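Q: I am new to this structure and would like a close look at a single part of it. Please choose one, go through it slowly, and set it among its surroundings.

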Amino acid sequence: MKEDNSSLIIKYIQNTLSEEETDAFFLWINADKKNKKLFFEVKAIYDASVSAGKSRNMEKSWQRLLEKKQKQGNNYGLWKKIASYAAVAVFAACITSIVFVTRRDKIEIASTRYIGGDGLEADMVILQDGTRVSLGSKTTFYYEPDYGQSQRNVYLAGEAYFEVKSQKDKPFIVHINGMKVEALGTAFNVMAYPGDSLFTTTLLNGSVRLTTEHPAQPVVLKSDQQLIYNRNNQTTQIQNVVAKDYIAWITGYYYFDEQSLESILHRLSYVYGITFDIRSEKLKNTEFTGTFYRGQSARDLMEIINLSVPIQYKVDDHHVTIYK
């Protein structure tokens with residue numbers, strides 16, 4: 001990430017990135033673990049400063065962190081650049097809050113957002129009530145400042161595994177475009193990327209209540225059950241599964257049981273940040289059972305598939321073409 005692009009971090013936190021900037025941000029944050037660490041350090045200070053609404057606190061926090069980075073000697077110039085963007089952004093947020101006080105008699109505080117990266121293991125977020133959320137690749141997860149007051153509402157675009165702390169008087173609800181998942185003392189997985197037509201919820205233990213655009217009546221899942229909701233035709237399908245296989249991804253393993261090659265590679269496209277182009281309809285529908293590890297390269301994946309289904313392929317930068 002060049003110093004000229006340091007504002008991407010602050011713009012991402014403020015949810016003001018363009019589509020092109022978002023792509024650049026994802027590429028940068030997944031290029032190095034240090035980038036992700038830097039992002040979360042920036043975010044922690046930004047969130048604390050905006051929530052407090054005090055620029056003086058923000059300035060002191062940045063100064064302490066800058067002094068620490070100066071001693072470490074790593075990308076100090078980059079930190080100064082980011083700090084300047086953050087200072088302006090937080091100041092703007094404070095001014096905006098004052099405007100809201102005048103017009104609405106209340107302060108609106110920015111939601112807390114997290115982003116899932118492409119590490120071998122899932123990134124974990126621990127919420128204030130002890131609920132644990134493991135984030136999948138290219139996943140955005142956030143919650144509002146009033147989380148835990150009367151309800152526990154969170155918002156997901158991507159994939160996440162939830163281990164929810166039970167609070168019977170405060171329902172835990174995951175909001176997805178077209179679906180809501182309500183849980184009490186439950187462990188479950190949700191895969192719902194914005195560009196996909198299928199949303200999948202898999203229950204490990206406990207129970208969840210799902211509300212979709214159709215049917216109107218909520219559906220209750222039991223342990224080792226999976227619900228697949230098709231947004232295109234608004235249909236639901238419930239099947240019995242071995243749920244633990246569907247959460248193996250949090251440790252870097254991706255299990256597929258008799259799934260078409262097209263659906264497998266579609267899932268892995270999020271994991272690897274690459275596109276797969278299958279040039280054969282027969283190959284697309286060929287079913288495959290197997291386990292992949294996140295540490296394997298795209299070429300490794302193709303060789304594993306080739307052992308079961310003879311294929312020819314070409315691997316380019318962020319693109320794999322597969323032939324019969």
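A: In this predicted model, the lining of the second largest pocket is made up by class of nine nonpolar, nine polar and five charged residues. The space in this second largest pocket comes to about 630 Å³. Its lining counts 23 residues, and those closest to the centre are Thr22, Asp23, Phe26, Lys138 and Thr140. Helix 2, which covers residues 19–29, and helix 6 are elements that each supply at least two residues of this lining, and helix 2 gives the most, with five residues.

Helix 6 is the part to follow from here, since it also has a share in the largest pocket. That largest pocket holds about 750 Å³ of space. There are 29 residues in its lining, of which Met191, Thr200, Ile228, Gln259 and Ser263 are the closest to the centre. At least two lining residues come from each of several elements, including helix 6, helix 7 (281–285), strand 8 (187–192), strand 9 (198–205) and strand 14 (253–260). Sorted by class, the lining of the largest pocket has ten nonpolar, twelve polar and seven charged residues.

Turning to helix 6 itself, its twelve residues run from 261 to 272, and at 1.5 Å a residue they should span 16 Å, which agrees with the 16 Å that separates its end C-alpha atoms. Most of helix 6 is covered, with nine of its twelve residues buried. The buried ones are Leu261, Ile264, Leu265, Arg267, Leu268, Ser269, Tyr270, Val271 and Tyr272. As background to such a list, an α-helix has 3.6 residues a turn, so residues three or four places apart point the same way. Just after helix 6 comes Gly273, whose phi is positive, at about 70°.

One residue of helix 6 deserves a slower reading, namely Arg267. Its relative accessibility is 13%, and because buried means under 20%, Arg267 counts as buried. If its neighbours within four places in sequence are set aside, Arg267 is in contact with Glu159, Met191, Trp249, Tyr254 and Phe256. Two of these partners can be placed further: Met191 has already appeared among the residues closest to the centre of the largest pocket, while Glu159 falls within strand 5, which covers residues 152–163.

Strand 5 then leads to a salt bridge, for the side chains of Arg152 and Asp129 meet at 2.7 Å, N to O. Arg152 lies in strand 5 and Asp129 in the loop between strand 2 and strand 3 (132–135), so this pair ties together parts that are 23 residues apart in sequence. Arg152 counts as buried at 0% relative accessibility, and Asp129 is buried too, with a relative accessible area of 16%. In general, side chains of opposite charge can pair when their charged atoms come close.

On the strand 2 side of that loop stands Ile126, in a strand that covers residues 123–126. Beyond its neighbours within four places in sequence, Ile126 is in contact with Thr131 and Arg132. The C-alpha atom of Ile126 is separated by 9.6 Å from that of Glu163, although the two residues are 37 residues apart along the chain.

The salt bridge between Arg152 and Asp129 can be set beside others, since the count for the model comes to six. In one of them, Glu182 pairs with Arg209, the closest N and O atoms being 3.3 Å apart. Glu182 belongs to strand 7 (residues 179–183) and Arg209 to strand 10 (residues 208–212), so here the parts tied together are 27 residues apart in sequence. Both residues count as partly exposed, Glu182 at 24% relative accessibility and Arg209 at 38%. Another salt bridge joins Asp277 to Arg279, with the closest N and O atoms 2.6 Å apart; Asp277 is partly exposed at 24% relative accessibility, whereas Arg279 is exposed, with a relative accessible area of 53%.

Finally, the wider setting of helix 6 is a protein chain with eight helices and 18 strands. Of the 324 residues in this chain, 45% count as buried. Among the contacts with a separation of 6 or more, 50% are between residues 24 or more positions apart.

Note on methods:
Residues numbered from 1 in each chain as written. Predicted model: local features only at pLDDT ≥ 70, side-chain atom pairs only at ≥ 80, totals over all residues. Heavy atoms only, no water. Helix = DSSP H or I, 4+ residues; strand = E, 2+ residues; numbered from the N terminus. Contact = heavy atoms within 4.5 Å. Expected span 1.5 Å × (residues − 1). Buried < 20%, exposed > 50% of the residue type's maximum accessible area, 1.4 Å probe, protein only. 1 Å grid on protein atoms, 1.4 Å probe; cavity = no way out; pocket = protein on both sides within 12 Å on 5 of 7 lines; lining within 4 Å. Points joined across faces, edges and corners; volume = space filled by probe spheres on them. Nonpolar A, V, L, I, M, F, W, Y, C, P; charged D, E, K, R; others polar. Salt bridge = Lys/Arg side-chain N within 4 Å of Asp/Glu carboxyl O.
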